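Colleague: Before I rely on the terms used for this complex, I would like to hear how each of them is justified. Could you take me through them?

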Amino acid sequence: MIPANFDYESPRTLSEALDLLASREDAKVLAGGHSLLPAMKLRLAQPAMLVDIGRIGGLSYIKEFADGIAIGTTTTHAEVAASEALLRNSPLLALAAAQIGDIQVRNRGTIGGSLAQAHPAADYPAAVLALDAEIVAHSRSGERVIPAAQFFTGMFSTALRNDEILTEVRISRTTGEGVTYKKFHHPASGYAVVGVAVRLKFSGSNIDSAAVGITGVADLAYRASAVEIALRGKPVSAIADAAARAANGVDIIGDYFASAEYRQHLVTVMTRRALEEAAASRRK
Amino acid sequence: MATPAKAPGRPSKANGKGAWVGRRLKRKEDPRLIRGISHYTDDFKLAGMVYCAFARSPHAHADIKSINTDAAKGTPGVIGVFTAQDTTSIGPVPCAIQMPGLKVPRHPVLAEGRVRYVGEPVAVVVAEDLYVARDAAEKVEVEYEPLPVVTDMEKALSNDTAYVHDEFKSNQAFTHTLKNGNLEAAFKKADKVVKQRMINQRLCPLAMEPRAVIAEYLPGENRLTVWSSTQIPHLLKTQISLLVGLPETSVRVIAPEVGGGFGSKLNVYSEEGVVPWLSMKVGRPVKWNEGRRENFMATIHGRDTINDVELALKKDGTILGMRSRVLADMGAYHQLLTPLIPQLTALMHAGCYKIPAIQIDIIGVFTNKMSTDAYRGAGRPEATYNVERIMDIAARELEMDPAQFRLKNFPKSKEFPYTTITGLTYDSAKYQESLAKALKLSGYDSLRKRQKSARKNGKYYGIGVSTYVEICAIGPSAATPAGGWESATVRIEPTGKVTLLTGASPHGQGEETTFAQLIADELGLVPDDINVVHGDTAVVPYGLGTYGSRATAVGGSAAYMATQKLKAKMATLAAHLLESKPSDIVFGRRSLSTKSGKKKSLSFGDVVTAAYTAHKIPAGFEPGLEATHFFEPSNFTFPFGAHIASVEVDAETGEVKIDKYVAVDDCGNVINPMLVAGQIHGGLAQGIGQAMWEELIYNEDGQLVTGTLMDYTMPKAHFFPEFVLDHTVTPSPVNPMGVKGVGEAGTIASTPCMVNAVCDALSPLGIRHIDMPLKPERVWRAIRQAESAPPKAESEESPKKQSKKGTAGRRRP
Ligand SMILES: Cc1cc2nc3c(=O)[nH]c(=O)nc-3n(C[C@H](O)[C@H](O)[C@H](O)COP(=O)(O)OP(=O)(O)OC[C@H]3O[C@@H](n4cnc5c(N)ncnc54)[C@H](O)[C@@H]3O)c2cc1C
């Protein structure tokens, strides 16, 4: 449980950090360290240098702006979970954050780190997909905005380049929508065996549109478009049938805790429950 | 029955109620432990200390073709790299068990030519710092030629198998049969026979502190000091002297703070031979600290048995006979007690029931896995699981209430001491009383009502009942491999403070507090006056350590008896000074006085001073105040109790929610109710943990796939409801304090209790058994299977009942 040798830098500005990151081929950003350090201790990751972004001022914030809310990359899960601004205007991220790991993990882990890690069972990915979030990255050549739908490219892989630092997540307000995050926890790790993020927009008593992000079930989080299509313009009574399509076209993963077959079943149950809960939350 | 040396004057407070005994005292050890200012083995840094790390096998079974240590040796900071070729002088890892026909494979401290489980140590690196040691261990190049792997016990016993040890031409480590009564007749005349196969899965003991060893050899003095996170410092001292070939008088073992053991540190490990040897070899103190991954792979595991259990019954619920076949996975080698554990399972197979005839066949099996050995409960949880599950299944098949069924088959309290069909003599018990108390406390009748209405609403609510008896206070020496007594030295210091040297080796249990309570009451002092010293073989007389819920019953009795010797001595001196008779002297609060005639008294301190100054002592009186007692118990003790759990099963996901948990335990007299509750709480967490979540899984290649805390579910506090605890108090007649032991009780009853509850919840579906752990997928599969196929009962049933079950099987929301 001891990592291989590495250098450690803790720059105070973003541009210094970007320079350091570009200076070495196998340099890696260190944020909360709750994914990277365990991997290093098991020697699954052996970066030559860590660029700790934890001491860069101005990367931890939750700000409202005209079109929505922006969250700084080093904002911890605990801060996201407790954010009034989020809970009032766009609660999905906060609901997901509150269910991540345990209190220590939530106090150390960051939103940027979680997204950059792209763990197939992490919670945020389902939420940012359902929110159509924008993910902002900086490199020495400037800023780039990546839509959430293009951000996750595979298990533990994202659209981020090696010389880029994820700096911000932007989401829109979900006022008036039915919103929830429903999770079936792995009892050991706390990660999602299945996690379902739901937004329901209504027109009258019918569902106008649905956004359903699902994590834990495949190599990467995905939008359950078959479910979304089946709900468009439908009454709440269409939920059960729609939820049955939660894993349509998805290559389902299995492990010693939950086989692919069980996960396939579980994702339909959890999706139905999430949709019902979201519908109920809006009616309140 | 051991009679206490009758202390003069004041009657002993051994009835469980004294000024201090019986009080909820906070632990003396907690302030230093909670503030992190105490010292575990890894906290010590000796001058000139170097570090070692082991290169371990990634294969479950392979020949070692070659080992190249050049790269490791060439790493700057590396002092030496050693393999089996270098360590031939270290004795094999010991197994203390002897039994007819037991196959004991050679168990070298480093693998010799072949590895037999993942994690087996192959080479060791010593370096100036821990980081270098670990880096260099990665550079040890071992060429392996993989061999067929043996993981499945049943396959291991078939013809179609490789052998873990070629020399035996079999994977059978031993067979052992315990039988009594006319079993054939019992089964022949039975109205009903119920059978069930049950798997008791492999578990990781998971002490919070992994193992750690520091060894310092001083050649001038020929003195080896070893700090080890162990439950058995003295036994380890003896074994280390044999391992490294030093006279026992040259070896000192210190168990500093030990962060839990649960049986896993009741052992002698290869590292405890290698690290001392390294210190002798390199002439520096050497430290080894186990990582959590190593702890998963290379510290003993618990349980891992396959059980086929049958019960013969009369229609009215009377038990006629019981037959069990237990396959017990030994792993690749025997550790200290490996083959003993399943024998405890056999001995306890009668549970708390009158069973007229019994046969238990146990087969020990070698596989390419880490050794199993004592894990909290050690053999008793396995027995209790078999017994309490089959009782529940029998009650259900006979359509009897599980509590009523049990009550019918308990021996009555006046039948104690009760000799079981397996040959044990249970000391004392009131099984009826504890079950009645648990039923009342849980609101059993209203739980059943709740179940009824839940079922009407398509919900699955279940109630589990489990009773238990266990064997503790290990034990009468004749019945143990290395003696079962315990030692204590009580020394009243010149200032009147008291030092107790105990051979028990507390590692979380809190005996620094309870033993102080005990002695304080005897001497009329307060617990803060008494300092309990343990775990250092140079300071404490030989003792056997802490395991088998023995420390209080045996070690505490030793302390009690030694204290009686001192009381007699002080009474003699006080009588001399007060011109009275010793029998006329009574102990009060910090005083000794005469009880008849004109009341004369001396302070406790005055008598102590008189004993040390020896100015005015009776003829033949030995100055000083120190007494030692080696307490030999006349029998084991048999704590017992009744647990009740209620659960709700989410039939859609298979998730089990624990609603209520009630535990009524009887550990005899209680010295400190808070510590007893703590032991029960921890035991319940581990026992329920087994039922619900914990499992070490080796895949077909012998790889440990749940070998991290991200995969192996160690239960957390929030997994549990608030435990509701109560006691009955049935003092044990076999020791002077009437205590029984409580360290393992919670682990023993709770496992079957949970499974009984879940199976009760799902009984309308015709589900009668699900193997542990009851993880959601398993439960879901059982439900799905029950829905798609009519239940196939394993028992011989009347056709009438079968059809009834068939319809019940379809009752689903
Ligand atoms: C016991 C435990 C339980 C957990 N349970 C859950 C859970 O239930 N749900 C869940 O979602 N997660 C869980 N996690 C993971 C946790 O949320 C991590 O904090 C998170 O995945 C990574 O965030 P971090 O800030 O710790 O990132 P780090 O570990 O510091 O970094 C992770 C990766 O992201 C890269 N990185 C970090 N920040 C940036 C950035 N700004 N720009 C570019 N790359 C970056 C790093 O180089 C590294 O590759 C758990 C972790 C633990 C240890």
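What follows is a conversation about the terms applied to this structure.

Modeller: This is a predicted model, in which local features need pLDDT of at least 70 and side-chain atom pairs count only at pLDDT 80 or more, whereas totals for chains, interfaces and linings use all residues. Residues are numbered from 1 along each chain as its sequence is written, chains are lettered from A and ligands numbered from 1 in the order in which they are written, and side-chain values use heavy atoms, with hydrogens and water left out.

Colleague: Why is Ser139(A) called buried?

Modeller: Ser139(A) has a relative accessible area of 6%, and buried means under 20%, with exposed over 50% and partly exposed in between (1.4 Å probe, protein chains only), so Ser139(A) qualifies as buried. Ser139(A) lies in strand β6 (residues 134-139) of chain A, strands being DSSP runs of E of at least two residues and helices runs of H or I of at least four, numbered from the N terminus.

Colleague: What makes the pair Ser139(A) and Ser141(A) a polar contact?

Modeller: Their side chains are joined at 2.9 Å, and a polar contact is a pair of N or O atoms within 3.5 Å, where within protein one must be able to donate a hydrogen and the other to accept it, and residues adjacent in sequence count only if both atoms are side-chain atoms; the pair therefore meets the distance limit.

Colleague: Which residue of chain A forms a salt bridge with Asp135(B), and how do you know that the term applies?

Modeller: The partner is Arg43(A), at 2.6 Å from N to O; because a salt bridge is a side-chain nitrogen of Lys or Arg within 4 Å of a carboxyl oxygen of Asp or Glu, the pair Asp135(B) and Arg43(A) satisfies the rule. Between chain B and chain A the count is 7 salt bridges. Asp135(B) is also among the buried residues of helix α3 (residues 130-138) of chain B.

Colleague: What covers the buried residues of α3(B)?

Modeller: The covering elements of chain B include β5 (121-127), β12 (286-289) and α8 (292-298). At the start of α3(B), a side-chain oxygen of Asp129(B) comes within 2.8 Å of the backbone nitrogen of Tyr131(B).

Colleague: How many residues of each chain are in contact across the interface?

Modeller: 29 residues of chain B are in contact with 24 residues of chain A, contact meaning heavy atoms within 4.5 Å. The two chains bury about 2,300 Å² between them, 56% of it on carbon and sulfur atoms.

Technical notes. Buried area is the accessible area (1.4 Å probe) that two parts lose on being put together, summed over both.
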